[in-house]
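Subject: A structure for you to explore

Hi there,

Here is the structure I promised to pass on to you. Have a look around it first, and then read on for what turned up.

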Amino acid sequence: MARSSKSNSANRPQRSSPDQKGNGGELHQRAGGTHPPLTTNQGIPVGDNQNSLRATPRGPTLLEDFILREKITHFDHERIPERIVHARGSAAHGYFELTKSLKKYTTARLLTDVGERTPVFTRFSTVAGGAGSIDTPRDVRGFAVKFYTQEGNWDLVGNNIPVFFIQDAIKFPDLVHAVKMEPDRGFPQAASAHDTFWDFISLTPESMHMIMWAMSDRAIPRSLRMIEGFGVHSFRLVDAKGESTFAKFHWRPKLGLQSTVWDEAVKLAGADPDFHRRDLFEAIQRGDYPEWEFGVQLFTEEDAARFPFDHLDPTKLIPEELVPLTVVGRMVLDRWPDNFFAETEQVAFCPANIVPGIDFSNDPLLQGRLFSYLDTQLSRLGSPNFHQIPINAPKCPFANVQRDGHMQMHVPKGRVNYDPSSLQADSPRETVSGFRSYAQPSDDGAKGRIRAERFADHYSQARQFYRSQTPPEQAHIASALVFELSKVETTHVREAVVGHLRHVDPDLAKRVASGLALDAIPPAPPAAMKPQDLPLSPALQVIGKMKATLAGRQVGILVDDGSDAATIKALRKAAEGAGASVKIVAPKIGGATLSNGRKQAVDGQLAGTPSILFDAVAIVLSDTAGKALAKEAAAVDWLRDAFGHLKAIAFDGGARPVLQAAGIAKDAGVIDATDSKGFIKAAQTRQWNREPRLRTLA
Ligand code: HDD
């Protein structure tokens with residue numbers, strides 16, 4: 001029925017003003033800059049992005065609304081499957097610079113041309129937790145570097161621990177199933193302290209060396225900028241004549257290694273689940289670029305034959321005392337990604353991405369990995385063209401006759417999509433400098449599902465690692481085992497693990513058995529090979545190797561109205577002079593009026609900025625504020641935690657009541673705030689001597 005022109009005009013929707021639209025009105029209009037027109041994915045300019053198309057002002061929404069449907073449909077598909085392991089990660093761009101040529105050993109250009117800078121993209125990760133889990137669980141950290149070399153992409157996909165749990169890739173799905181949340185209950189998230197993990201471990205003696213590392217302070221790092229990285233497997237370097245030398249690859253942080261203490265790691269999980277991501281982001285934003293040395297251990301087939309272990313076994317490392325580390329380059333991370341999803345999430349690493357002059361070894365774990373990663377990217381990124389995503393694409397020219405597939409971004413020209421061909425002048429061809437596998441002579445063994453004989457030594461290097469640690473580190477390992485096994489409900493699993501520890505070190509077994517209140521130390525399982533006493537390797541320590549430095553660290557100063565301005569200024573100057581950054585914490589975020597009457601800007605409000613976030617703390621208060629904050633749990637905990645986490649504490653007279661309320665006894669790390677020099681010295685390390693007086697360690 002035709003409507004009369006009168007009723008038609010009465011029903012016609014009025015053009016809405018910005019405020020009626022719901023776009024925040026004036027503020028939205030006022031935002032500076034030149035804003036391009038908002039369009040649909042088809043380029044159609046959008047007139048109203050706040051209201052869907054309705055049949056009448058209060059009526060139903062119309063299916064016709066292609067703008068609404070396109071927007072919602074795209075949103076519905078925003079998530080892709082997260083990585084089955086290493087789902088939670090943080091990454092940054094940077095460069096690798098060669099400082100010493102390896103020309104004698106390899107033709108790989110990135111390792112021969114001193115001074116050449118190769119762009120890199122490096123992703124750090126935890127292993128067990130989901131993408132939204134915490135940054136500070138006890139876990140291995142992934143350390144994956146994509147080198148965009150002029151001869152193609154090389155991915156060095158390593159960890160912060162130089163060995164692995166298993167010797168053969170066929171065990172990887174079992175290991176990962178065991179450590180991830182249990183399938184019937186869906187917990188625990190990002191934690192190895194549960195029955196299925198330890199059940200698997202107790203039945204997998206080859207994991208014992210890795211367990212020592214995973215229970216050590218290496219698994220609770222202070223910062224991603226303070227972890228080492230390892231390629232784990234032996235690789236080969238191949239020279240122009242086709243001769244090969246084995247290589248192990250290492251990353252060593254310029255800031256030195258540093259870990260947290262366990263109680264701190266647990267509290268960090270609540271205080272700042274993004275602690276490591278934020279730390280990396282903030283360091284890069286302030287121009288304090290994280291840096292690592294790149295080192296190699298080089299050895300020949302003959303050297304390897306003399307090692308008291310099989311270097312193809314990924315549960316073994318080569319002590320630096322046996323084959324020294326030669327530093328040949330450095331990596332600097334100087335740019336945070338522009339977009340987390342496009343870069344950090346979509347980056348696809350693959351140990352099979354290798355360049356001419358580098359080759360694989362027969363390590364059975366590596367061999368399995370060569371298959372797994374390409375396969376996982378197909379399922380995760382959904383197309384065989386994932387190498388065309390900008391973060392994955394080589395930065396050198398690349399061409400072949402692979403074609404088509406989902407999300408093909410290239411538009412190849414011409415008739416030729418096969419090889420060999422003779423119809424097109426510019427079709428790609430094989431080159432003499434192309435990748436060639438090392439012509440490894442094969443040994444005479446028979447085919448079979450067999451492990452090499454010397455892989456059976458499961459305990460010698462676990463013992464070497466444990467015995468090489470400093471006493472506090474040994475206590476941390478024993479305590480971590482007690483903590484983890486105390487979360488295991490099944491008694492026989494607890495006992496079986498302690499049984500293995502007898503082979504590692506009888507004293508360790510005793511400490512853990514006592515920490516679990518076992519009636520007796522359980523029997524050791526039969527060992528396929530008798531553990532040997534290998535020479536100790538101090539290079540395996542964290543505490544022993546820690547640099548005494550505040551560089552890249554963070555100092556928190558707790559102030560309130562009336563705090564002495566001169567003391568705060570002196571402390572800040574000293575801390576910044578030592579390379580630390582300083583954050584001011586106060587009960588109110590709007591600021592504190594100091595003794596000089598000036599308003600002090602505040603970086604964090606007390607309740608939301610616990611001392612857990614800092615490496616060392618100072619507390620500077622007026623007498624009035626000191627008395628008031630002694631009754632404030634957040635302030636008392638601020639000090640109690642700093643003390644418990646073995647941090648240096650500087651305090652002035654006004655802060656004394658808070659110290660008293662926190663039960664802090666003066667020691668070498670509790671220092672008068674006027675002694676800023678003494679404070680900085682104490683802050684360069686943790687107060688390890690304090691620990692035995694504070695908590696019962698196994
Ligand atoms: Fe793996 C991811 C490191 C053994 C299968 N692995 C992944 C990442 C790192 C490592 C750092 C994250 C990469 C990123 O940031 O995107 N993986 C290691 C190391 C291993 C190791 C150092 C032993 C030495 N991995 C290993 C085995 C297998 C896998 C034995 C399977 C046979 N790893 C994968 C995977 C992942 C992965 C399922 C998950 C997401 C991805 O690959 O891209 O394919």
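Where does Arg-83 lie? Arg-83 sits in the loop between α4 (66-76) and β1 (89-98). Please keep in mind as you read that this is a predicted model.

**The annotated sites**

Let's stay with Arg-83 for a moment. An unreviewed UniProt entry lists a "binding site" feature at Arg-83, Arg-123, Phe-172, Arg-369, Tyr-373 and Arg-380. Arg-83 counts as buried because 20 other C-beta atoms lie within 10 Å, and 20 or more is what a buried residue needs. Tyr-373, from the list in that record, belongs to helix α12 (residues 364-381). With 17 other C-beta atoms within 10 Å, Tyr-373 is partly exposed. Leaving out residues up to four places away in sequence, Tyr-373 touches Phe-349, Cys-350, Pro-351 and Ala-352.

The unreviewed UniProt entry also carries an "active site" annotation, and this one covers His-86 and Asn-159. They span 74 residues in sequence, yet no two of their C-alpha atoms are more than 10.5 Å apart, so they gather at one spot.

Is His-86 buried or exposed? His-86 is buried, with 23 C-beta neighbours inside 10 Å. Like Arg-83, which is in the loop between α4 and β1, His-86 is found in that loop. Setting aside neighbours within four places in sequence, His-86 is in contact with Ser-125, Val-127 and Gly-142. Asn-159, in turn, lies in strand β4 and is buried, with 25 other C-beta atoms within 10 Å. Not counting residues up to four places away in sequence, Asn-159 touches Val-140, Arg-141, Gly-142, Phe-143, Phe-230 and Val-232. Gly-142 therefore appears among the contacts of both His-86 and Asn-159, which are buried with 23 and 25 C-beta neighbours.

**Around the ligand**

How many residues surround the ligand? There are 26, and the closest are Arg-83, His-86, Arg-123, Gly-142 and Ser-372. You have already met Arg-83 and Arg-123 in the "binding site" record, and His-86 in the "active site" one. The elements giving two or more residues to this shell are β2 (117-126), β3 (141-149), β4 (152-159) and α12. Helix α12 gives the most, with six residues. Sorted by class, the shell has 14 nonpolar, nine polar and three charged residues.

**A pair of helices**

Now move along the chain to helix α15 (residues 491-504) and helix α16 (residues 506-515), whose axes come within 6 Å and cross at roughly 150°. That angle makes α15 roughly antiparallel to α16, because angles over 145 degrees count that way. On the α15 side, the contact is made by Val-498, Leu-501, Arg-502 and Val-504; on the α16 side, by Pro-506, Leu-508, Ala-509, Val-512 and Ala-513. Of these contact residues, eight are nonpolar, none is polar and one is charged.

Helix α16 has five names on its buried list: Leu-508, Ala-509, Arg-511, Val-512 and Ala-513. They pack against α13 (460-468), α14 and α15. Helix α15 also helps to cover the buried residues of α6, together with elements that include α5 (172-179), α7 (208-214) and α14 (471-486). Those buried residues of α6 (residues 195-202) are Phe-197, Trp-198, Phe-200, Ile-201 and Ser-202.

**Backbone surprises**

Most residues other than glycine have a negative phi, and most peptide bonds are trans. Which exceptions can you look up here? His-86 has a positive phi of about 60° although it is not a glycine. Ala-517, just after α16, takes a positive phi of about 55°. Ala-517 is in the loop between α16 and β11 (554-558) and is exposed, with 8 other C-beta atoms within 10 Å.

As for cis peptide bonds, one joins Phe-187 and Pro-188, with omega about 0°; Pro-188 lies in the loop between α5 and α6. Another runs from Asp-419 to Pro-420, with omega near 5°, and Pro-420 lies in the loop between α12 and α13.

Enjoy exploring!

Best wishes

Definitions and conventions
Residues numbered from 1 in each chain as written. Predicted model: local features only at pLDDT ≥ 70, side-chain atom pairs only at ≥ 80, totals over all residues. Axes fitted to C-alpha atoms, helices over the stretch in contact; angles between N-to-C directions. Helix = DSSP H or I, 4+ residues; strand = E, 2+ residues; numbered from the N terminus. Parallel < 35°, antiparallel > 145°, perpendicular 65-115°, else oblique. Contact = placed C-beta atoms within 7 Å. Nonpolar A, V, L, I, M, F, W, Y, C, P; charged D, E, K, R; others polar. UniProt positions renumbered as here; feature names shortened; annotations may be inferred. Buried ≥ 20, exposed ≤ 12 C-beta atoms within 10 Å, placed from the backbone. Near = placed C-beta within 6 Å.
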